[in-house]
Amino acid sequence: MSEFWLISAPGDKENLQALERMNTVTSKSNLSHNTKFTIPDFKVGTLDSLVGLSDELAKLDIFAESLIRRMAQSVVEVMEDAKGKVQENLLANGVDLTSFVTHFEWDMAKYPAKQPLVSVVDTLAKQLAQIETDLKSRTAAYNTLKTNLENLEKKSMGNLFTRTLSDIVSKEDFVLDSEYLITLLVIVPKPSYVKWQKTYESLSDMVVPRSTKLIAEDKEGGLFTVTLFRKVIDDFKTKAKENKFTVREFYYDEKEIKREREEMTRLLSDKKQQYGPLLRWLKVNFSEAFIAWIHIKALRVFVESVLRYGLPVNFQAVLLQPHKKSCTKRLREVLNSVFRHLDEVAAASILDASVEIPGLQLSNQDYFPYVYFHIDLSLLN
């Protein structure tokens, strides 16, 4: 499973023995794989400041998780033709996410533990905010380009009634720059090809004989040219409609057709040029954001452990990876049983949900006798 439980318990003898019991039970019952999660000693400051940091870190945790999910989704969207290779670009420090979490080491160079906790949190917050700002601007530019290209491509799809004709017609198909003559484009149903050939010259006066030519087809019909005098255009359109021939409103504009073709070429070129740099940026900054997120989890464990277990700082953090989804309920029961001594009243209410304690509202979801945080990588897969 790509799900982890990050817990902590006091570091005294009794609780270290409780951790050993937890490891023994979870191992024998094949419930989870457990590893120590090393967190450095930080400058604690005052308990009041820790309470404020606890709230700030909770918000930052949510923001960081949201950011990395958006970045993962951006990688999927950018790699539209190679989605099978997405996971290759969702790494942290060059390794897969599970390996990074299970072998986590605090980055002292990037987030010095000797600094006040407030400074470390501020560094993380500013880093993530900058990544989000860059993500918005880079993906917005790419998505605008992609949308414009898709809109142009859509014009080349559909049937002869709706699609662009600029990639079908050529200058030679038309009589141009004539004061009297004009070439029209007519859509003829396939079953009516013979009828068209026999009748188009007589649909109106002043139609140029033998001026029709089939220049394109789709499943329903064909696109024919026909040349006639300008002054009979309306009469010809009326007669054509009566015979279920549709005159497509189109006037050959060489400059406009050239502009449309050049726009398609430019957009394709721009998308190709932006693809590589954007994907590289996403890969590098996804890694940075994910690493920052796990550091935030570590900070939350530290702060909550100090607030829960008091000073001096003495606790042990453990990372549990449940083996199967079906194991989680049993694993939770084991943890609540092993650590119930940390808070007998709360633990009793958790182990027996039927017990109602006046003035105390608890549920499995919002309180445990030990410090607990959840890391879910499944939505990044």
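This tour moves through a predicted model, starting at helix H1 and going on to aromatic rings and a charged side chain.

**Helix H1**

Select residues 13-28, which make up helix H1, a run of 16 residues that reaches 23 Å from its first C-alpha to its last, close to the 22 Å expected at 1.5 Å a residue. Within this selection, colour Asn 15, Ala 18, Leu 19, Met 22 and Thr 26, which are buried, and then turn the view to look down the axis of H1: the buried residues fall within an arc of 100 degrees, so they line one face of the helix. On the other side of H1, show Lys 13, Glu 20, Ser 27 and Lys 28, which are exposed.

To see what covers the buried residues of H1, add strand S1 (3-10), strand S2 (32-36), strand S7 (315-322) and helix H8 (328-338), which are included in that cover.

Next, visit the two ends of the helix. At the start of H1, display Asp 12, a side-chain oxygen of which reaches to within 3.2 Å of the backbone nitrogen of Glu 14. At the other end, H1 is followed by Asn 30, whose phi is positive, near 55 degrees.

**Aromatic pairs**

A search of the whole structure finds 20 aromatic pairs, and two of them are worth selecting in turn. Select Phe 100 and Phe 104, whose ring centres are 6.1 Å apart and whose planes stand at 80 degrees, so the pair is edge-to-face. Phe 100 counts as buried at 9% relative accessibility, and Phe 104 counts as buried at 7%.

Now move to Tyr 193 and Phe 224, an aromatic pair that is also edge-to-face, with 5.2 Å from centre to centre and 80 degrees between the planes. Tyr 193 lies in helix H5 (residues 193-199) and Phe 224 in strand S5 (residues 221-229), so the pair ties together parts that are 31 residues apart in sequence. Here Tyr 193 counts as buried at 18% relative accessibility, and Phe 224 is buried with a relative accessible area of 2%.

For a wider view, select Phe 37, Phe 42, Phe 100, Phe 104, Trp 106, Tyr 111, Phe 286, Phe 290, Trp 293, Phe 302 and Phe 315, which ring pairs link into a cluster.

**Arg 332**

Finish at Arg 332, displayed together with Trp 5 and Phe 368. Arg 332 lies over the face of Trp 5, at 4.0 Å from the ring centre, while the charged end of Arg 332 also sits over the ring of Phe 368, 4.1 Å from its centre.

Technical notes:
Residues are numbered from 1 along each chain as its sequence is written. This is a predicted model: local features need pLDDT of at least 70, side-chain atom pairs count only at pLDDT 80 or more; totals for chains, interfaces and linings use all residues. Side-chain values use heavy atoms; hydrogens and water are left out. Helices (H or I, at least four residues) and strands (E, at least two) are DSSP runs, numbered from the N terminus. The expected span of a helix is 1.5 Å times one less than its number of residues. Buried means under 20% relative accessible area, exposed over 50%, partly exposed in between (1.4 Å probe, protein chains only). The arc is that of the directions from the helix axis to the C-beta atoms. Contact means heavy atoms within 4.5 Å. A polar contact is a pair of N or O atoms within 3.5 Å; within protein, one must be able to donate a hydrogen and the other to accept it, and residues adjacent in sequence count only if both atoms are side-chain atoms. Rings of Phe, Tyr and Trp (its six-membered ring) pair if their centres lie within 6.5 Å; planes under 30 degrees apart count as stacked, over 60 as edge-to-face and the rest as tilted. A charge sits over a ring if NZ of Lys or CZ of Arg is within 6 Å of the ring centre and within 35 degrees of the ring normal.
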